[in-house]
Amino acid sequence: RLKVVGNGSDNSAECPTVEIHQMNSSQGSINFDLSTEFDIFPAQPTGLISPSTSSDINSLQNSPSKTAPASLTTRNGGGSGATSPAPPSSIGSNSGEPPASIPNAMLPADGEQFDVKVTCAVSPSNFIVQPYNESEKLSLLMEDMDNFYNAEENLQEMTPDCMVEGAYLAGRHSDAYWYRIRITKVIDHVSAAVRLVDYGDLSMLNLADMQPLWAKFRALPLQAINAR
């Protein structure tokens with residue numbers, strides 16, 4: 001729930017100031033917890049895009065569901081973003097394949113528009129989108145990963161040295177589906193903070209729910225794109 005801490009009455013052009021509070025809790029605002037989220041789950045640049053006009057912002061706010069595309073415009077040279085960290089060599093040897101990188105999302109040229117789906121929103125100025133025209137490919141990838149990693153004969157023994165910050169792995173989320181993940185921080189020898197690189201969600205996973213990400217699951221570019 002929101003608590004109004006300033007109604008902006010001193011300046012009619014300003015929006016009210018609010019804090020986020022947990023329901024039925026006396027522990028106060030959780031704004032600080034949200035502000036430190038990226039100390040544990042740092043965002044990986046996969047290209048940065050922003051709405052080009054107020055109409056673009058409205059189209060994002062009024063999208064009825066994740067399946068309805070919004071139009072965004074690339075900023076600052078709509079290239080492929082920052083270089084992805086290479087997966088550790090130990091993952092390649094454990095999986096029986098040489099390690100392969102995951103290409104960054106391919107964005108159109110600076111100033112051009114393209115359709116997206118909003119998958120994760122922290123605030124109006126900090127949210128995650130996916131390229132709308134890649135939706136079918138992502139669905140097929142998810143289905144292939146589930147079929148593969150749910151087969152007992154395909155599972156590998158994982159050791160703590162597989163959990164390296166920046167490594168790409170396959171991770172089984174709390175919804176029982178397998179996702180491509182990137183380790184953002186190793187918590188201890190059996191758990192790590194991870195980011196779902198195709199959706200932008202943040203999670204904590206145990207080593208028992210991780211597997212090497214085989215090369216055939218690395219061909220599709222990273223789908224989660226940071227936007228503002």
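The following paragraphs describe an antiparallel sheet, the helix lying across it and two buried loop residues in a predicted model.

Residues are numbered from 1 along each chain as its sequence is written. Because the model is predicted, local features require pLDDT of at least 70 and side-chain atom pairs count only at pLDDT 80 or more, whereas totals for chains, interfaces and linings use all residues; side-chain values use heavy atoms, with hydrogens and water left out.

An open sheet is formed by 5 strands in the order β10-β9-β8-β7-β11, with antiparallel pairing. Strands (E, at least two residues) and helices (H or I, at least four) are DSSP runs numbered from the N terminus, and two strands pair if DSSP finds at least two bridges between them. The edges are occupied by β10 (202–206) and β11 (210–212), each of which pairs on one side only. On average, neighbouring strands of this sheet are turned by 50 degrees against each other, direction ignored. Strand β7 (residues 168–172) is joined to the antiparallel β11 by 3 bridges, and Leu169 has Pro212 in β11 as its bridge partner.

Helix α5 (residues 135–149) lies across β7, β8 (178–188) and β11, at about 70 degrees to β8. Axes are lines fitted to C-alpha atoms, for helices over the stretch in contact, and angles run from 0 to 180 degrees between N-to-C directions. The 15 residues of α5 reach 21 Å from the first C-alpha to the last, close to the 21 Å expected at 1.5 Å a residue; the expected span is 1.5 Å times one less than the number of residues. The buried residues of α5 (under 20% relative accessible area, 1.4 Å probe, protein chains only; exposed is over 50%, partly exposed in between) are Ser135, Leu138, Leu141, Met142, Met145, Asp146, Phe148 and Tyr149. They lie on the same side of α5, because they cover an arc of only 165 degrees around the axis, taken from the directions from the helix axis to the C-beta atoms. Glu136, Lys137 and Asn147 are exposed on the other side. The buried residues of α5 pack against β5 (113–123), β6 (126–131), β7, β8 and β11 (contact: heavy atoms within 4.5 Å).

Glu134, in the loop between β6 and α5, counts as buried because its relative accessibility is 17%. Leaving aside neighbours within four places in sequence, Glu134 is in contact with Leu220 and Gln223. Arg218, in the loop between β11 and β12 (225–227), counts as buried at 3% relative accessibility. The side chain of Arg218 reaches the backbone oxygen of Tyr168 at 3.3 Å, and a polar atom of this side chain lies 2.7 Å from the backbone oxygen of Leu213.

Notes: A polar contact is a pair of N or O atoms within 3.5 Å; within protein, one must be able to donate a hydrogen and the other to accept it, and residues adjacent in sequence count only if both atoms are side-chain atoms.
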